[in-house]
Amino acid sequence: MNLATLINDGNTLSDILNKYQNSVILCDQNTETLCLPLLNLNTEIPVISISAGETNKSAFSLNFIWNKLLQANADRNTILINIGGGVITDIGGLAAATYNRGIKFINVPTTLMGMVDAANGGKTGINFNGLKNYIGTFTEPEAIYNWPEFLKTLPFNQIQSGFAEMIKHGLIADKKYFEKLISLDIKAETAEFINWNSLIQKSIEIKNAIVSRDFKESGERKLLNFGHTIGHALESHFINSNLPHGHFVSAGIICETFLSHTVGNLDLAESQKIIFSIDSVFERIPLLAKEIDEIAHLALKDKKNKEHKIKCVFLDKTGDANFDNDITLKDIVESLSFYNS
Ligand SMILES: NC(=O)c1ccc[n+]([C@@H]2O[C@H](COP(=O)([O-])OP(=O)(O)OC[C@H]3O[C@@H](n4cnc5c(N)ncnc54)[C@H](O)[C@@H]3O)[C@@H](O)[C@H]2O)c1
């Protein structure tokens with residue numbers, strides 16, 4: 001299991017990256033202009049740049065990256081350096097895992113989502129036929145380098161997005177961490193004053209502890225999907241919206257906390273406290289009544305389902321969760337109706 005290294009200054013990161021021989025950089029149009037210039041990288045390293053955004057985590061972009069690697073004469077000794085958010089580390093990881101039957105790659109996450117979640121744990125992937133992360137591999141990066149300075153240019157809604165996954169980490173594994181997170185005043189005006197380093201470190205520790213025990217997600221790793229059964233269905237439904245991933249996860253956390261109480265064992269007062277704290281950070285996504293059924297049906301296609309049963313993570317208490325709970329289409333409809341009320 002590769003642990004992310006937290007770097008405190010850009011020169012150190014540049015020195016580390018410049019030492020990799022025979023490398024190719026992958027970024028998106030935003031990280032190319034906002035993040036790459038902060039690193040004094042050798043100008044001879046070829047740069048592949050794709051359009052930004054979730055819709056580009058696609059087979060089309062993957063094909064584009066493979067072609068660019070070929071043009072750059074990349075071979076088995078080449079290392080791909082992914083500089084960007086979760087879209088870049090997911091698709092870059094998949095491009096590297098498949099090109100020439102697999103070349104090495106490094107993740108340099110530039111979003112909070114990337115630092116606390118997407119760049120760690122070895123899941124790579126693209127969306128396919130409107131379904132989230134349907135094609136992908138479990139392949140570990142050679143290394144992960146987190147430099148929180150990148151967060152300075154990140155729009156606030158992207159900070160919120162990463163924050164949703166951090167809240168999830170607290171909810172499934174560490175009550176104290178959850179309480180610390182919700183005590184922070186996360187607003188556009190205050191986010192830049194938050195000392196992210198120790199929080200990022202904590203989230204990585206929680207995720208890595210789980211992943212190290214169950215890399216291929218046959219059991220415990222499923223806990224990390226809390227909020228994602230319904231969150232992914234919402235994200236698939238709104239695939240062309242510009243709303244970041246974590247906002248759908250926040251909606252999924254509300255729905256799945258509701259179900260943890262109505263179908264599972266979570267205490268009512270505790271479920272209300274959790275939902276209240278999510279509402280203090282995220283605006284709800286308005287749903288039309290007729291969309292709810294469609295979204296619920298999308299949850300049926302979730303990769304984590306078995307034998308046509310929808311599987312869901314439930315909280316037992318704050319900081320304690322369990323996986324593989326069966327839920328019905330009706331449960332999902334009810335939770336979405338509650339969310340929309
Ligand atoms: N592999 C995993 O385990 C895992 C875990 C969680 C999420 N994910 C995936 O990650 C993706 C979401 O990641 P994300 O939220 O980082 O999205 P993203 O990569 O689309 O980045 C969000 C936006 O921020 C821009 N950006 C990136 N860094 C910036 C910076 N420093 N300053 C200004 N703008 C910057 C990007 O260009 C993009 O427009 C989803 O596809 C999700 O499925 C994967």
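Guide: In this predicted model, Ala, Val, Leu, Ile, Met, Phe, Trp, Tyr, Cys and Pro count as nonpolar, Asp, Glu, Lys and Arg as charged, and the others, Gly among them, as polar.

Visitor: How do the residues of the shell around the ligand divide?

Guide: There are eight nonpolar, 10 polar and eight charged residues in that shell.

Visitor: What makes a residue part of the shell, and which are the closest to the ligand?

Guide: A residue is near the ligand if one of its heavy atoms lies within 4 Å of it. In this model 26 residues surround the ligand, and the closest are Asp28, Glu54, Thr111, Lys132 and Thr153.

Visitor: Which helices and strands each supply at least two residues of the shell?

Guide: Those elements are the helices α2 (29–34), α4 (86–98) and α5 (112–118), together with the strand β7 (131–138).

Visitor: Why is the pair between Lys132 and the ligand called a polar contact?

Guide: The cut-off for a pair of N or O atoms is 3.5 Å. A polar side-chain atom of Lys132 lies 2.7 Å from an oxygen atom of the ligand, so the pair is within the cut-off and counts as a polar contact. Lys57 passes by the same rule, because one of its polar side-chain atoms is 2.8 Å from a ligand oxygen atom.

Visitor: What does a nitrogen atom of the ligand contact?

Guide: A polar backbone atom of Phe150 is 2.9 Å from that nitrogen atom. As for cover, the ligand taken alone exposes 860 Å², of which the protein buries 92%.

Visitor: Why is Asn73 called buried, partly exposed or exposed?

Guide: Exposed means over 50% relative accessible area. Asn73 has 63% relative accessibility, so it counts as exposed. Asn73 is found in the loop between α3 (59–71) and β4 (79–84), and has a positive phi of about 55° although it is not a glycine.

Visitor: What makes Asn100 buried, partly exposed or exposed?

Guide: Partly exposed covers the range between under 20%, which is buried, and over 50%, which is exposed. Asn100 has 35% relative accessibility and therefore counts as partly exposed. Asn100 is found in the loop between α4 and β5 (104–109); its phi is also positive, near 55°.

Visitor: How do you know that β6 and β7 pair?

Guide: Pairing needs at least two bridges. Strand β6 (residues 123–128) and β7 have five bridges in the antiparallel sense, so they pair. Within this pairing, Thr124 stands opposite Thr137 in β7. The hairpin of β6 and β7 has two residues between the strands, and Asn129 takes a positive phi near 50° there.

Note on methods: Residues numbered from 1 in each chain as written. Predicted model: local features only at pLDDT ≥ 70, side-chain atom pairs only at ≥ 80, totals over all residues. Heavy atoms only, no water. Polar contact = N/O pair within 3.5 Å; in protein donor to acceptor, adjacent residues only side chain to side chain. Areas by Shrake-Rupley, 256 points an atom, 1.4 Å probe, with all protein chains shown as cover. Helix = DSSP H or I, 4+ residues; strand = E, 2+ residues; numbered from the N terminus. Buried < 20%, exposed > 50% of the residue type's maximum accessible area, 1.4 Å probe, protein only.
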